[in-house]
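Notebook open, model loaded. I'll jot things down in the order I look them up.

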Amino acid sequence: MPYVVISTQITLEKGPTVVGDANSDMQLMNYLGARKILQQGNDYYQYSCDHAPRHVLNKLEEKGYRVVAMTGIGQTCIWTLHKES
C-alpha cells in the first residue's frame, strides 16, 4: 500500500491521530499502535492511535514514507504520504 492518509483535529494536536481506514495494512497499523474504531455517528471503521501527528509522521518516515501533501480543512489537518515501491 504505497499511500497513507493521516489526520487530526487542530484542537487535539497531542492526539488522537487517525491513521487509516478499514482496509489499511494491518502490519503498518500495528507498528503505529493504532486500533480499529467506529466513531459515534459514522457507519465506517477507521484506525486511530493516541500519538501526536508529529510522532506518527516520524514513525512513517522510518518505514520509508514521505509527505507529498498537507492541508487544513476546518479544524482538521490532513497529511498524504507515499512510499516508493
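I started with Gln9, which is in strand S1. This is a predicted model, so I'm reading positions off a prediction throughout. Gln9 comes out partly exposed, at 41% relative accessibility. Leaving out residues up to four places away in sequence, I find Gln9 touching Gln75 and Thr76. I also took a C-alpha distance from Gln9 to Leu57: the two are 48 residues apart along the chain and separated by 15 Å.

Next stop, Ser7, also placed in strand S1. Is Ser7 buried or exposed? Its relative accessible area is 16%, so Ser7 goes down as buried, the cut-off being under 20%. Setting aside neighbours within four places in sequence, I listed the contacts of Ser7: Thr17, Val18, Thr76, Cys77, Ile78 and Trp79.

Then the strand pairing. Which way do S1 and S6 run relative to each other, parallel or antiparallel? Strand S1 (residues 3-9) pairs with strand S6 (residues 76-83) in the antiparallel sense, over seven bridges. I picked out one bridge by residue: Val5 has Thr80 as its partner in S6. S6 is also joined to strand S5 (residues 65-73), by eight bridges, and these two run antiparallel as well. In that pairing Arg66 stands opposite His82 of S6. S5 and S6 form a hairpin with two residues between the strands, and there I noted that Gly74 takes a positive phi near 60°. A reminder to myself for looking at side chains here: in a regular strand they alternate between the two faces of the sheet.

Arg66 came up again when I went through charged pairs. How many salt bridges are there? The count comes to two. One is Arg66 with Glu61, where the closest N and O atoms are 3.6 Å apart. Both ends are partly exposed: Arg66 has 48% relative accessibility, and Glu61 has 45%.

The other one I wrote down is Arg35 with Asp50, whose side chains meet at 3.3 Å, N to O. This pair links distant parts of the chain, 15 residues apart: Arg35 belongs to strand S3 (residues 35-37), while Asp50 is in the loop between strand S4 (46-49) and helix H2 (53-62). On accessibility, Arg35 is partly exposed with 41%, whereas Asp50 is exposed with 54%.

Cysteines next. How many disulfides does a search of the whole structure find? Zero. Why is Cys49 not bonded to Cys77? The sulfur of Cys77 is the closest cysteine sulfur to that of Cys49, but at 15 Å the gap is too far for a bond; a disulfide would need the sulfurs within 2.5 Å. From the other side it reads the same way: Cys77 is in no disulfide, with the sulfur of Cys49 nearest at 15 Å. Both cysteines are buried, Cys49 at 0% relative accessibility and Cys77 at 16%. I had already met Cys77 as one of the contacts of Ser7.

A quick look at another serine. Where is Ser24? I found it in the loop between strand S2 (17-21) and helix H1 (26-32). Ser24 counts as buried because its relative accessibility is 11%. Its side chain reaches the backbone nitrogen of Asp21 at 2.8 Å.

Last, I zoomed out to the chain. I count two helices and six strands, and along the sequence they follow the pattern β-β-α-β-β-α-β-β. The radius of gyration is 12 Å, close to the 12 Å that the globule rule gives for 85 residues, so the chain is as compact as a globular protein of that length. The C-alpha trace spans about 35 × 25 × 20 Å along its principal axes. Of the 85 residues, 34% are buried. I also checked how far in sequence the contacts reach: among those between residues at least 6 apart, 54% join residues at least 24 apart.

Definitions and conventions:
Residues are numbered from 1 along each chain as its sequence is written. This is a predicted model: local features need pLDDT of at least 70, side-chain atom pairs count only at pLDDT 80 or more; totals for chains, interfaces and linings use all residues. Side-chain values use heavy atoms; hydrogens and water are left out. Helices (H or I, at least four residues) and strands (E, at least two) are DSSP runs, numbered from the N terminus. Buried means under 20% relative accessible area, exposed over 50%, partly exposed in between (1.4 Å probe, protein chains only). A polar contact is a pair of N or O atoms within 3.5 Å; within protein, one must be able to donate a hydrogen and the other to accept it, and residues adjacent in sequence count only if both atoms are side-chain atoms. A salt bridge is a side-chain nitrogen of Lys or Arg within 4 Å of a carboxyl oxygen of Asp or Glu. Two strands pair if DSSP finds at least two bridges between them. The radius of gyration is taken over C-alpha atoms; the globule rule is 2.2 Å times the number of residues to the power 0.38. Contact means heavy atoms within 4.5 Å.
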